[in-house]
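Let's go through this model by question and answer. Have the sequence and the coordinates open as you read.

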Amino acid sequence: MKTNNTDYNWIVKVFLLSFGISIIFSLTSESLLEKANIIGSIIILLIFISIGILFDIIGVAVTSADEKVFHSMNAKKVKGANIAVLFKKNADRVSSFCNDIVGDICGIVSGSATVIIATTLSSTFKWNILIVSLLLTGLVAALTIGGKAIGKGFAINNSSQILYRTSSIVAIFYKPKNKKN
């Protein structure tokens with residue numbers, strides 16, 4: 001259903017995807033953090049930050065890559081090229097999924113993990129919770145934003161390779177339906 005250039009089906013899909021992925025990521029994070037020591041918790045936090053950065057890179061690469069390259073590869077039946085063409089034709093949605101849905105969820109989960117780590121550090125070492133929270137929040141924000149800033153340049157300069165590798169991985173799990181004219 002489209003009204004005034006608003007695709008309500010996409011909005012519902014984005015809502016449901018966001019809800020489902022955030023529950024999965026939060027449940028995973030909470031379950032792992034519950035069993036982990038401080039070092040393990042920091043590693044889990046860094047993994048979620050890295051996932052956010054990786055998906056940001058993919059989202060930027062999809063919007064930056066040249067579609068013509070993938071049409072040529074698709075004509076030669078190169079595995080994954082058909083997925084790359086599909087991603088390029090839907091670059092706005094793929095970018096929204098990667099940057100907004102996965103990226104933002106990773107940011108939220110990272111924030112929750114940071115609170116857990118700050119609380120644990122504060123109680124374990126009898127440090128001031130406010131100072132620990134501020135320092136960790138600043139560090140996590142700097143790592144996330146700095147990582148995404150570096151990743152954007154990398155994604156723009158290597159967009160075709162990133163899109164091809166991503167499409168090749170997706171092609172293992174997803175086979176698009178052939179559309180007959």
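Q: Which residue with a positive phi follows α5?
A: This is a predicted model, where local features need pLDDT of at least 70 and side-chain atom pairs count only at pLDDT 80 or more, while totals for chains, interfaces and linings use all residues. Residues are numbered from 1 along each chain as its sequence is written, and side-chain values use heavy atoms, with hydrogens and water left out. Helices here are DSSP runs (H or I, at least four residues; strands are E, at least two), numbered from the N terminus. Just after α5, phi turns positive, near 60°, and the residue in question sits in the loop between α5 (91-125) and α6 (129-157): Lys-126.

Q: Is Lys-126 buried or exposed?
A: Buried means under 20% relative accessible area, exposed over 50%, and partly exposed in between (1.4 Å probe, protein chains only). Lys-126 comes out at 70% relative accessibility, so the label is exposed.

Q: Which loop holds Lys-77?
A: Most residues other than glycine have a negative phi. Lys-77 goes the other way, with a positive phi near 60°. Lys-77 also counts as exposed because its relative accessibility is 72%. Its place is the loop between α3 (67-75) and α4 (81-89).

Q: What span does α5 reach from its first C-alpha to its last?
A: The expected span of a helix is 1.5 Å times one less than its number of residues. With 35 residues, α5 would be expected to cover 51 Å, and its actual reach is close to that: 48 Å.

Q: Where is the kink in α5 centred?
A: The bend at a residue is the angle between axes fitted to the seven residues ending there and the seven starting there. In α5 there's a kink of about 25°, and its centre is Phe-97.

Q: Which residue forms an aromatic pair with Phe-97?
A: Rings of Phe, Tyr and Trp (its six-membered ring) pair if their centres lie within 6.5 Å; planes under 30 degrees apart are stacked, over 60 edge-to-face and the rest tilted. The whole structure has 4 such pairs. One of them is edge-to-face, at 6.5 Å centre to centre and 70° between the planes, and joins Phe-97 to Phe-55. Since Phe-97 is in α5 and its partner in α2 (residues 38-64), the pair ties together parts 42 residues apart in sequence, and that partner is Phe-55.

Q: Which residue stacks with Phe-125?
A: The two rings are 4.8 Å apart centre to centre, with 25° between the planes. Phe-125 is partly exposed at 45% relative accessibility, and its partner is partly exposed too, at 47%: Trp-127.

Q: Which helix supplies the largest share of the largest nonpolar core?
A: A nonpolar core is a set of buried Ala, Val, Leu, Ile, Met, Phe, Trp, Tyr and Cys residues joined through side-chain atoms within 4.5 Å. The largest has 42 residues, with Phe-25, Val-62, Phe-70 and Leu-163 making the most contacts inside it. Each of α1, α2, α3, α4, α5, α6 and α7 (159-173) supplies at least two residues. The largest share, 12 residues, belongs to α5.

Q: Which residues does Ser-29 touch, not counting those up to four places away in sequence?
A: Ser-29 belongs to helix α1 (residues 8-35) and is buried, with a relative accessible area of 2%. Contact means heavy atoms within 4.5 Å. On that basis its partners are Phe-48, Val-109 and Ala-113.
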